[in-house]
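Here are my notes after a first pass through this one. Have it open while you read, and tell me what you'd look at next.

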Amino acid sequence: MTDDIDLAAIMAPNRRVQTLRTVLDSMTERLRPVVDLSRPYVDGTENLIADGRFLLAGNHTQAGTEVFLISDAVRRTIGTRVRPLADRQFGRMRGLPADLIAAFGGVVGAPDTARELMTHDQTVLVFPGGGREIGKFKGEEYTLRWQGRSGFARVCVENGYPIVPAGLVGGDDVYRSLTTRDSAYAKLAAALSRRLNGRSDMAMPLVRGIGPTLIPRPQRMYLRFGAPIDTSRPLGIGAADWVEVVKKQTQRALNQILVELRQLREGDPYRGLNPLAWRKAVAPGP
């Protein structure tokens, strides 16, 4: 279904969006020194394909910083603008919010929009878990919720697009979830979510940040790009079976990145952004 998607505007945004894009680019450049003060850990940039023709598959976190950190790291490394695929709930926004998403490069996460971007060899960013992966109940930190989500693998196979896993750790630690998914609160939240947007899988947990407040806990962010995954279909395997293989391979690779980054984070004295440990922060290898 593409009746609510303007395919022509994907590669040729209107003047208002172009103006906003210029403003956002300028703000990003000015804010980079501020972001760099927190010393985000970034490695694996050698896995980013120089021509920009690849899809990034990442994990959503409660902080929501992954979209910006991934996009900025790619642009700093190979100079290309990342095109994030937004969850349909966010992609259907109108007015200024919609223009801001478009100015950042985002488009509605649908197969036809992904194919349009791939036709123009764009760098695509997708979070297969979608918006439902943002709200983490107790014990679900850094868990990928990809059930029934294989569309990203299908369009990559169709278009011969490599997949680069992009894992982020730190974002699920800015808040601590107080409730489990099988709690009475979670069931109430699911019912409320269903009433508000028709989806029970978008339920948000009860969380706390610093102390009993909702102020986010200071956390260093850790980002790693994995080795590209070739999506070319071998002889002797059906298309549907190969799509499932590619999806599982991507999920395993991303899970492994998250495990490794969490282990690295445990040994980093700067993981809580303690200014006294700034000089002792774990740094990427050569």
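1. Let's start with Asp121, which is partly exposed because its relative accessible area comes out at 41%. This is a predicted model, by the way. Asp121 sits in the loop between helix H6 (111-119) and strand S5 (123-126). Its backbone caught my eye: phi is near 55 degrees, a positive value in a residue other than glycine.

2. Tyr142 is another one to check for its backbone. Here phi is near 60 degrees, again positive in a residue other than glycine. The residue belongs to the loop between S5 and helix H7 (151-159). Buried or exposed, then, at 6% relative accessibility? Tyr142 counts as buried, because 6% falls under the 20% cut-off.

3. Tyr142 turns up again around Val169, as one of the residues that Val169 touches. Leaving aside residues up to four places away in sequence, the other contacts of Val169 are Arg220, Met221, Tyr222, Leu258, Leu261, Arg262 and Arg265. Val169 itself is in strand S6 (residues 163-169) and is buried, with a relative accessible area of 1%. If you want a distance to go with that, the C-alpha atoms of Val169 and Tyr270 are 14 Å apart, with the two positions 101 residues apart along the chain.

4. Tyr222, one of those Val169 contacts, brings me to the aromatics. The count of aromatic pairs comes to 3. One of them joins Tyr41 and Tyr222: the pair is tilted, with 5.9 Å centre to centre and 40 degrees between the planes. Why does this pair tie together parts that are 181 residues apart in sequence? Because Tyr41 lies in strand S1 (residues 41-43), whereas Tyr222 lies in strand S9 (residues 222-225). Tyr41 counts as buried at 4% relative accessibility, and Tyr222 counts as buried at 0%.

5. While you're looking at rings, have a look at Trp278 too. Arg39 lies over its face, 4.7 Å from the ring centre.

6. Now the helices. H2 packs against helix H3 (residues 66-78) at an angle of about 100 degrees, and the axes are 12 Å apart. That angle makes H2 roughly perpendicular to H3. By class, their contact has 2 nonpolar, 1 polar and 6 charged residues. On the H2 side you'll find Asp25, Thr28, Arg32, Val35 and Asp36, and these meet Leu69, Asp72, Arg75 and Arg76 in H3.

7. Staying with H2 (residues 15-37), Val23 is also part of this helix. Val23 counts as partly exposed, because its relative accessibility is 41%. The C-alpha atoms of Val23 and Ala103 are separated by 9.1 Å, although the two residues are 80 apart along the chain.

8. Last one: Ser177, in strand S7 (residues 176-177). Which residues does Ser177 touch, not counting those up to four places away in sequence? They are Gln62, Lys136, Phe137, Lys138, Pro205, Leu206 and Val207. Ser177 is buried, with a relative accessible area of 8%. From C-alpha to C-alpha, Ser177 and Met204 are 9.6 Å apart in space and 27 residues apart in sequence.

Key: Residues are numbered from 1 along each chain as its sequence is written. This is a predicted model: local features need pLDDT of at least 70, side-chain atom pairs count only at pLDDT 80 or more; totals for chains, interfaces and linings use all residues. Side-chain values use heavy atoms; hydrogens and water are left out. Helices (H or I, at least four residues) and strands (E, at least two) are DSSP runs, numbered from the N terminus. Buried means under 20% relative accessible area, exposed over 50%, partly exposed in between (1.4 Å probe, protein chains only). Contact means heavy atoms within 4.5 Å. Axes are lines fitted to C-alpha atoms, for helices over the stretch in contact, and angles run from 0 to 180 degrees between N-to-C directions. Angles under 35 degrees count as roughly parallel, over 145 as roughly antiparallel, 65 to 115 as roughly perpendicular and the rest as oblique. Ala, Val, Leu, Ile, Met, Phe, Trp, Tyr, Cys and Pro count as nonpolar, Asp, Glu, Lys and Arg as charged, and the others, Gly among them, as polar. Rings of Phe, Tyr and Trp (its six-membered ring) pair if their centres lie within 6.5 Å; planes under 30 degrees apart count as stacked, over 60 as edge-to-face and the rest as tilted. A charge sits over a ring if NZ of Lys or CZ of Arg is within 6 Å of the ring centre and within 35 degrees of the ring normal.
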